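Me: Please examine one helix of this model closely, and place it in the context of the chain as a whole. A connected account would be preferred to a list.

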Amino acid sequence: MTGLADAESRVDGRRAFAELLLDLRVQAGFSQEELADRAGLSVRTIRELEAGRVARPRKDSVRLLAEGLGLRDGDAATFLTAAGHAPPRQAVSVVSVADPVPTGLRWRGTRPIPDGLVGREQELTELEDLLRQNRLVTLVGPGGVGKTELALAAADRFSGVDTTVVVVDLTTVQRDAAVPSAILDAFGTAPGTSDLDDVLSGRKPGDLVIVEDNAEHVLDGVATVANRMVRSFPGVGVLVTSRIPLGLPDEVVRRVQVLGVPANDKDLAEIAASPAVEMFVRRATRVRPDFRLTADNAATVARLCQRLDGLPLALELAAARAGSLSVETILAALDDRFRLLSGPRRFGAPHQRTLADTIAWSVDALSDPARQLLYRASMLGSPFTLDAVVGVCTGEPIDELDVPMLLAELADKSLLQPVLEFEQLYGARYKMLETIREHAYAGLSSQGNDLTEFRDRAVAWCAEYVKGLDGAWGSPDRDRRYRAANANSATFEVALERCAELGEWETAARIVLGFRVAWQYQASVAQSGIRWAVAAAENVAGEETSGMLLAIAGRLSNLTGDVRAARSYYGEARTLLAPGSELGLVARGGLVSSGSLLLDPLGLAEIPGLVADAREHGNVQRSATVQAICGLALARWGRLPEAKELLLAWQAALVNPGVYPDEIAYMALSRVELELGNLDEARRWAELARDSQASDDPERTKVAGCLAMVEFQAGRFDVAQALLDEAAADIQGHRGYFDYLVMLYRSRLARRSGDLAVARSAIKDAVSRLLLEGRVVYLLDVLPEAVAVLHAAGQSEDADRLCGQLLAWQRTMDPPMLPTAWAVLQESCERATTAEGWPENDPAESVRRLADDVLIALS
């Protein structure tokens with residue numbers, strides 16, 4: 001009898017485990033095939049276990065199943081016990097609402113994928129805090145952005161041992177009235193046995209979190225139930241994912257952004273740190289285990305992630321192709337991304353299984369005016385402004401007065417994203433994910449002649465817009481007007497493309513000439529201005545117009561760091577323009593400025609005549625600008641008293657209408673006074689530079705660096721460090737004209753505190769950047785600090801060799817090092833002897849050679 005009893009007990013145990021396994025798999029939303037794949041077991045093994053035909057499952061298999069089901073801690077221990085691999089405990093039974101939910105088995109529904117989140121730690125922390133402080137939180141974002149995984153991970157992190165999490169998958173719910181039934185089904189109640197009040201009543205705060213996933217198609221039903229939950233049941237928290245907010249008073253909305261993509265495709269470390277790249281690589285290794293991010297494929301992977309906007313669904317679908325296609329092939333095929341990324345996922349909402357379905361579902365749900373506005377806005381470029389939409393995209397069925405409301409609707413439905421960065425400077429802007437833009441652009445293209453019509457309207461609008469910029473340079477609100485124009489730079493790109501296509505180069509030239517200053521306000525888009533200025537210069541008929549366009553190309557090239565190209569464009573423009581004309585003075589001033597950066601002394605001889613012509617032929621504003629430019633050039637050349645005289649002449653002109661403060665000229669005055677030893681005056685000018693700059697200027701690093709120089713020389717090292725820390729954080733997001741100063745003084749402060757790793761890194765970055773940009777003259781500020789760093793690091797031989805070369809420079813070459821740099825060098829050159837073979841014929845090449853030697857020594 002004992003043997004028979006044992007046999008019956010074993011049979012009962014097999015049945016209990018089989019039922020538990022089946023219940024947990026169904027709760028998690030997995031098929032047998034999906035669980036087998038996640039656990040690394042065969043489908044047959046799982047089928048046999050659920051049928052109760054395995055007498056005693058292997059412990060390793062049970063552990064793999066627990067991991068595949070996402071069971072943790074108490075859940076996993078209970079699961080092992082049920083399989084007979086732990087000391088006997090109370091039997092585990094299938095959870096029902098009628099009985100208390102056992103500790104450790106309080107999760108019902110889909111669990112988070114263990115590695116489903118990448119680059120979301122900040123959002124996850126914020127969301128956990130929101131759930132502790134608010135009863136109703138809605139995650140909003142475009143389809144495929146990862147709302148579901150973020151919500152599940154946040155609920156998992158928020159939940160404690162006494163918290164029940166119930167996940168309600170709404171993808172198959174077709175009617176608003178069916179939402180309460182779907183929630184009851186997620187609790188596991190038998191049909192007709194309970195109503196929602198029964199399962200929600202009596203809960204303590206923090207006891208229950210309901211995750212309502214994919215709510216956008218039954219929004220009214222979800223909103224009605226969620227409102228009743230948070231108003232009537234204080235123990236219940238609700239977390240909703242949707243493409244559209246619920247619109248409830250108690251609702252806290254958080255928009256889920258796409259994953260960050262690399263800022264460039266050259267820096268391997270920066271590419272590897274990108275969340276989008278990390279996700280792509282993780283997913284690619286699932287289908288191709290040997291896939292790795294390497295120096296050879298990093299640039300291609302970076303461009304691929306950029307083209308996919310960092311959209312998680314697009315990255316996942318593209319990575320799924322890595323098993324059969326190279327990343328180069330995947331990238332090349334993205335011109336038809338909807339065909340390439342059409343492979344359906346085997347699970348998830350029906351409208352989210354392909355990229356095309358995901359976008360089409362949202363677009364098809366729009367009203368006709370909203371859909372047409374989305375289509376038309378797709379050809380404006382990204383980002384675009386409200387003004388551009390009103391000027392280009394209106395007409396049946398879109399009324400001009402309805403545009404703000406329609407844009408808000410598209411943003412609420414996650415088809416547009418407001419651009420909040422620098423909103424005070426650039427005004428209201430919107431951007432469209434490239435995946436959405438391609439879908440909408442195809443929709444516009446399919447509508448007869450609509451695409452041609454609206455591209456032509458973009459040309460007409462831009463040509464009219466630039467007329468409104470006439471006289472902006474001398475107006476009190478010039479910054480606002482030019483930055484507002486800059487906000488439309490993508491639309492101007494569209495218009496110029498259309499002009500080129502039609503051969504309308506005179507119209508293109510008028511647009512470029514009118515828009516020229518607006519391109520200067522953001523170096524990241526100035527490359528477009530250079531391209532169009534040069535293309536128009538090559539195709540217009542008149543020499544004067546061509547010269548004006550080349551002067552613009554020179555100015556923009558200087559801003560983007562291509563000093564050699566700037567000098568070439570300025571030089572050609574100078575031969576085509578009247579010397580005293582506005583842009584003739586610009587070209588001559590640019591030639592002087594770029595020449596001083598490249599250590600070309602010929603520009604110095606131009607300064608007296610240029611200043612005289614500016615005073616005689618230019619207006620007060622142009623004359624002041626030319627004197628400031630020449631003052632900057634003289635300061636670079638070490639002619640400090642002469643530089644100060646011209647810069648003070650600029651400052652004196654500020655009393656005239658049309659001449660306004662400029663932080664660059666104030667910074668130049670501060671630098672000159674600093675080098676002359678007038679510390680109080682240097683601080684005064686630096687503070688004026690700070691006060692004249694917008695508080696959220698994208699290139700505010702230049703003023704922070706100037707102030708830090710003054711504070712460093714004053715011995716206020718903590719203040720200088722705080723300024724540099726602020727500036728260094730900004731440098732990560734853009735490239736600015738004076739970033740090298742931030743790096744230089746970071747090195748000086750780090751060397752002073754003994755942090756040679758930071759000093760070495762900072763000075764290497766400064767040298768590398770100046771070499772890349774061609775701003776050779778500033779290397780004379782930086783190289784003495786490199787000598788000091790090498791000495792501090794114990795590389796005395798390298799330091800003394802470089803020091804000897806710089807001593808020879810200071811004795812025989814022009815310009816001399818400025819006093820602050822010379823003082824640093826003298827401190828480090830006690831044992832060095834002056835190098836022989838100087839002077840050299842090519843000053844710029846000599847300095848570049850020394851900089852190359854520094855990079856080798858510091859590597």
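Reply: Helices here are DSSP runs of H or I with at least four residues, and strands are runs of E with at least two, both numbered from the N terminus. On that basis the protein chain of this predicted model contains 43 helices and nine strands. Of its 859 residues, 54% are buried, and the accessible surface comes to about 36600 Å², with 50% of that area belonging to carbon and sulfur atoms. Where contacting residues lie at least 6 apart in sequence, 69% of the contacts join residues at least 24 apart.

The helix chosen for the close look is α31, which covers residues 602-617. Because each residue should contribute 1.5 Å, its 16 residues should span 22 Å; the end C-alpha atoms are 23 Å apart, in agreement with that expectation. The helix nevertheless has a kink of about 35 degrees, centred on P608.

Which residues of α31 are buried? They are G603, L604, E606, I607, L610, V611 and A614. In an α-helix there are 3.6 residues a turn, so residues three or four places apart point the same way. The buried residues of α31 pack against α29 (563-576), α30 (582-597), α32 (620-636) and α33 (640-652).

Elsewhere in the chain, a helix pair can be described through its axes. Helix α40 (residues 776-792) and helix α43 (residues 843-858) have axes that come within 10 Å and cross at roughly 30 degrees. The crossing of α40 and α43 is left-handed. Contributors to this contact include L779, L783 and L790 of α40, together with V847, R848 and V854 of α43.

Conventions: Residues numbered from 1 in each chain as written. Predicted model: local features only at pLDDT ≥ 70, side-chain atom pairs only at ≥ 80, totals over all residues. Heavy atoms only, no water. Expected span 1.5 Å × (residues − 1). Bend = angle between axes of the 7 residues up to and from the residue. Buried < 20%, exposed > 50% of the residue type's maximum accessible area, 1.4 Å probe, protein only. Contact = heavy atoms within 4.5 Å. Areas by Shrake-Rupley, 256 points an atom, 1.4 Å probe, with all protein chains shown as cover. Axes fitted to C-alpha atoms, helices over the stretch in contact; angles between N-to-C directions. Left-handed = near helix turned anticlockwise from the far one by under 90°.
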